[in-house]
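Here is a small set of exercises to work through at your own pace. Keep the sequence and the 3D view open, try each task, and then read the solution.

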Amino acid sequence: MDITIHTSFLPHDDPEASLAFYRDVLGFEVRSDFGTGTMRWITVGPVGQPGTSILLAPPAADPGITEEERGTITRMMAKGTYGWILLATRDLDGTFEKLQAGDAEVVQEPTRQPYGIRDCAFRDPAGNLVRIQEVG
């Protein structure tokens, strides 16, 4: 079996703010951008890694979602408990400094975790948790 993780999903509530974070602060390239206003589906990914992407999408656009579920999603996003992603870098301190300089909300400064990894955490403009771990 040959399976890869191609695209993961994160919700946005302000596509321009999310685009500015992932493109301008993290340095990801924009691979596609469809829709208008808040109903935009934006695919971004690390430069030089075309096989790995994040789809930034409106969180409650699925017609199968009820109004109650939309409310739950909206409340969870406001608390920062709806979406998260784990990224990796060889330069955790440099990445942390760049994100901090970009006014990203710091959740945790670089820390050695008891389970052996060193990582830090931020929130993106939609409240998604972005953990970044150091890899050797």
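## Exercises with worked solutions

Residues 24 or more positions apart account for 46% of the contacts in the protein with a separation of 6 or more, where contact means heavy atoms within 4.5 Å. This is a predicted model, in which local features need pLDDT of at least 70 and side-chain atom pairs count only at pLDDT 80 or more, while totals for chains, interfaces and linings use all residues. Residues are numbered from 1 along each chain as its sequence is written, and side-chain values use heavy atoms, with hydrogens and water left out.

### Exercise 1: The overall fold

Find how many helices and strands the protein has, and in which pattern they follow along the sequence.

Step 1. Count the elements: the protein has three helices and eight strands. Helices (H or I, at least four residues) and strands (E, at least two) are DSSP runs, numbered from the N terminus.

Step 2. Walk along the sequence, and the pattern reads β-α-β-β-β-α-β-α-β-β-β.

Step 3. Check the compactness. The radius of gyration is 15 Å, close to the 14 Å that the globule rule gives for 136 residues, so the protein is as compact as a globular protein of that length. The radius is taken over C-alpha atoms, and the rule is 2.2 Å times the number of residues to the power 0.38.

Step 4. Add the box: along the principal axes, the C-alpha atoms fill roughly 45 × 35 × 30 Å.

Step 5. Look at burial. Of the 136 residues, 39% count as buried; buried means under 20% relative accessible area, exposed over 50%, and partly exposed in between (1.4 Å probe, protein chains only).

### Exercise 2: Charged pairs

Work out which residues pair in salt bridges, and how far apart their partners sit in the sequence.

Step 1. Start with the general idea: side chains of opposite charge can pair when their charged atoms come close. The rule used here asks for a side-chain nitrogen of Lys or Arg within 4 Å of a carboxyl oxygen of Asp or Glu. By this rule there are eight salt bridges.

Step 2. Take Glu29 and Arg31, whose side chains meet in a salt bridge at 3.0 Å, N to O. Glu29 is partly exposed at 31% relative accessible area, and Arg31 is partly exposed too, at 26%.

Step 3. Move to Asp93 and Arg118, a salt bridge with its closest N and O atoms 2.7 Å apart. Asp93 lies in helix H3 (residues 92–101) and Arg118 in strand S7 (residues 118–123), so the pair ties together parts that are 25 residues apart in sequence. Asp93 is partly exposed at 36% relative accessibility, whereas Arg118 is buried at 18%.

Step 4. Now find the salt bridge between Asp119 and Arg131, at 2.9 Å, N to O. This pair links strand S7, which holds Asp119, with strand S8 (residues 129–134), which holds Arg131, across 12 residues. Both Asp119 and Arg131 are buried.

Step 5. Finish with a network: salt bridges that share partners join Glu16, Asp33 and Arg40.

### Exercise 3: Helix H1 and Phe21

Is Phe21 buried or exposed, and which residues does Phe21 touch?

Step 1. Locate helix H1, which covers residues 15–25 and has Pro15, Ser18, Leu19, Phe21, Tyr22 and Val25 buried. Just after H1, Gly27 takes a positive phi of about 85°.

Step 2. Read the value for Phe21: its relative accessible area is 5%, so Phe21 is buried.

Step 3. List its neighbours. Not counting residues up to four places away in sequence, Phe21 touches Leu26, Leu99, Ala104, Arg123, Asp124, Pro125 and Val130.

### Exercise 4: Two strand residues

Describe the surroundings of Ile85 and of Trp41.

Step 1. Ile85 sits in strand S5 (residues 84–89) and is buried at 11% relative accessibility.

Step 2. Ile85 and Val130 are 45 residues apart along the chain, with their C-alpha atoms separated by 5.2 Å. Beyond four places in sequence, Ile85 touches Ser8, Leu10, Ile54, Leu129, Val130 and Arg131.

Step 3. Trp41 belongs to strand S3 (residues 39–45) and counts as partly exposed at 32% relative accessibility.

Step 4. Leaving aside neighbours within four places in sequence, the contacts of Trp41 include Ser32, Phe34, Leu55 and Pro58. The C-alpha atoms of Trp41 and Glu134, 93 residues apart along the chain, are separated by 29 Å.
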